[in-house]
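User: I've got a model open and want to check the labels people put on it. Can you walk me through the reasoning?

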Amino acid sequence: MTIELYTWGTPNGRKVSIALEELGLPYNVHPVDITKDAQFDPVFLKISPNNKIPAIVDPDGPGGAPIALFETGAILIYLAEKTGKLLPEDPRARYEALVWLMWQMGGFGPMLGQAHHFLRFAKEDIPYAKTRYANETKRLYGVLDKRLAEAPYLAGESYSIADIATYPWAARHEWQQIDLARYPHVKAWFDGLSARPAVARGMAVP
């Protein structure tokens, strides 16, 4: 059955569209134009009560009953477990994937989002905020580069939902004033994922 995806063209939104493309799951796209406050529509709030994109509705959820999900980490874990793909079966590798997924959700996302805001969109020039979030962004790229020096993917040898969650944020490195050439292991990983057809298709949604 077809999954209903409610999304917009943001890094968080693209995590789920990439995963759906990689998994080969059929889905319909419902654009939620956050520039026009569509995320506050009462119909959407029934699916995503925190008024954030993305969200999904799977008509074939656990036990065959429909399920609505919001929060990208939860959605990615759900899709991986539903299909048995993109999350390693080996317990140690599985926890590596989950650790790096949580790292993305807690840091390499929220902090980069703050960098986007203060470096590009803030109506006031706030040097302290610019410096704070630019430095934290550089630190997080350093953490990512060190991990990818140890293994080809965040979970180790296996491409996983941790990579899918992290990639769309790295795709906006220019917004963050990051030169990927300074992080060679990140750049190699980024270029490899960029060449995946499913990633390219997912990045084009909606």
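User: Let's start simple: where does Lys-138 lie?

Analyst: Lys-138 sits in helix 6. Bear in mind that this is a predicted model.

User: And what makes Lys-138 "partly exposed"?

Analyst: Its relative accessible area is 38%. Buried needs under 20% and exposed needs over 50%, so Lys-138, at 38%, lands in between and gets called partly exposed.

User: Which residues is Lys-138 in contact with, leaving aside neighbours within four places in sequence?

Analyst: Ile-178 and Tyr-183. As for Arg-14, the C-alpha atoms of Lys-138 and Arg-14 are 22 Å apart, with their positions 124 residues apart in sequence.

User: Why is helix 1 called roughly parallel to helix 3?

Analyst: Their axes come within 10 Å and cross at roughly 5°. Angles under 35 degrees count as roughly parallel, so that label fits helix 1 and helix 3. On the helix 1 side the contact is made by Asn-12, Lys-15, Val-16, Ala-19, Leu-20 and Leu-23, and on the helix 3 side by Thr-72, Ile-75, Leu-76, Leu-79 and Thr-83. That contact divides into seven nonpolar, three polar and one charged residue.

User: How do you know that the length of helix 4 agrees with what its residues should span?

Analyst: Helix 4 covers residues 91–106, which is 16 residues. At 1.5 Å a residue they should span 22 Å, and the end C-alpha atoms are 22 Å apart, so the two agree.

User: Which residues of helix 4 are buried, and what covers them?

Analyst: The buried ones are Ala-93, Ala-97, Leu-98, Trp-100, Leu-101, Trp-103 and Gln-104. Their cover includes helix 1, helix 3, helix 5, helix 6 and helix 7.

Key: Residues are numbered from 1 along each chain as its sequence is written. This is a predicted model: local features need pLDDT of at least 70, side-chain atom pairs count only at pLDDT 80 or more; totals for chains, interfaces and linings use all residues. Side-chain values use heavy atoms; hydrogens and water are left out. Helices (H or I, at least four residues) and strands (E, at least two) are DSSP runs, numbered from the N terminus. The expected span of a helix is 1.5 Å times one less than its number of residues. Buried means under 20% relative accessible area, exposed over 50%, partly exposed in between (1.4 Å probe, protein chains only). Contact means heavy atoms within 4.5 Å. Axes are lines fitted to C-alpha atoms, for helices over the stretch in contact, and angles run from 0 to 180 degrees between N-to-C directions. Angles under 35 degrees count as roughly parallel, over 145 as roughly antiparallel, 65 to 115 as roughly perpendicular and the rest as oblique. Ala, Val, Leu, Ile, Met, Phe, Trp, Tyr, Cys and Pro count as nonpolar, Asp, Glu, Lys and Arg as charged, and the others, Gly among them, as polar.
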